[in-house]
Amino acid sequence: MAVTVMIVDDQAMVRAGISMLLGPEEDLEVVGEADSGTEAVTRALQLRPDVVLMDVRMPGMDGVAATRALLAENGASPDRLIRVLIMTTFDDEDLVVDALRAGASGYLLKHASPTEVADAIRRVSQGDTWLDATAASRLVDRLRPRFTDQTDVPALLSTREQQVLRMIAAGMSNPEIRDLLVLSEATVKTHVSRILLKTGSRDRAAAVALAYRSGFVRPDDPLPQ
């Protein structure tokens, strides 16, 4: 089954170019377009694409606000998550950080090669995170210093992400979380990826350490049911 994609950009030529670029990829299908953040939220909830390629700079509702609004509405269908992949340039670094905190699954530079674009879409659709290698370490470093032992974890994570973090802290694997929550494994991976991004954690162990240090999880907490 093809991965369905929606392209969001306020420039028609950019949308057309990306659509042409993805045309030869038999496992990727462009199912819709939008030219603004507001239209992106409405269209994405109607079309339910697997991945939304979202321009970060648009007039009116920008890509960050659109990502936040879309992912908030998306919670009504927890096992049909729409993943957002931000498209940007180096000059948009502040907005990219904001978009990652809003729940985007990664970001892609607009001058990326066709192979990189296709690979990024595939990876994100499977629940993984995609960060462009040329700026990834710099962005992660910017995310990480925000979080301390006094971090308010519930303020950072959605209700579902909090639930998944508690399960990770209890030592549960992705397949175990999948079975308990009755989700697909790709959806579980997406939640885990978002937890790591939003908390600036290098890996699951770092996220668990933060959860305990901040008091979000306590040693005497009951096991998740």
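Let's start in the loop between helix 2 (37-47) and strand 3 (51-55), which is where R48 sits. In this predicted model, R48 has a positive phi of about 50° even though it is not a glycine. Is R48 buried or exposed? Its relative accessible area is 15%, and buried means under 20%, so R48 counts as buried.

Follow the chain on into strand 3 and you run into the biggest nonpolar cluster. The largest nonpolar core has 25 residues, and those with the most contacts inside it are M6, V8, V52, M54, L70, V84 and I86. Which elements give two or more residues to this core? They are strand 1 (3-8), helix 2, strand 3, helix 3 (63-74), strand 4, helix 4 (93-102) and strand 5 (106-109).

V52 is a handy place to look around from. Setting aside neighbours within four places in sequence, V52 is in contact with M6, V8, A44, L70, I82, R83, V84 and L85. Among those partners, M6, V8, L70 and V84 are also on the list of residues with the most contacts inside the core.

Now slide along to T88, which has its place in strand 4 (residues 83-88). T88 has 1% relative accessibility, so it counts as buried. What is T88 in contact with, once neighbours within four places in sequence are left aside? The partners are V56, V96, Y107, L108, L109 and K110.

There is a second nonpolar cluster to find. Apart from the 25-residue core lies another one, of 20 residues, with M167, I168, A169 and V188 among them. V188 takes us to helix 10, since it is one of the buried residues there.

On the way into that helix, stop at V182, in the loop between helix 9 (174-181) and helix 10. V182 is not a glycine either, yet its phi is positive, near 55°. Here the surroundings contrast with those of R48: V182 has 66% relative accessibility, so it counts as exposed, whereas R48 is buried.

Helix 10 itself covers residues 185-199, and its 15 residues reach 21 Å from the first C-alpha to the last, close to the 21 Å expected at 1.5 Å a residue. How many of its residues are buried? Eleven of the 15 are, which leaves the helix mostly covered. Besides V188, the buried set includes T187, T190, H191 and R194, with K198 and T199 towards the end of the numbering. Just after helix 10 comes G200, with a positive phi of about 65°.

Definitions and conventions
Residues numbered from 1 in each chain as written. Predicted model: local features only at pLDDT ≥ 70, side-chain atom pairs only at ≥ 80, totals over all residues. Heavy atoms only, no water. Helix = DSSP H or I, 4+ residues; strand = E, 2+ residues; numbered from the N terminus. Expected span 1.5 Å × (residues − 1). Buried < 20%, exposed > 50% of the residue type's maximum accessible area, 1.4 Å probe, protein only. Contact = heavy atoms within 4.5 Å. Core = buried A, V, L, I, M, F, W, Y, C linked by side-chain atoms within 4.5 Å.
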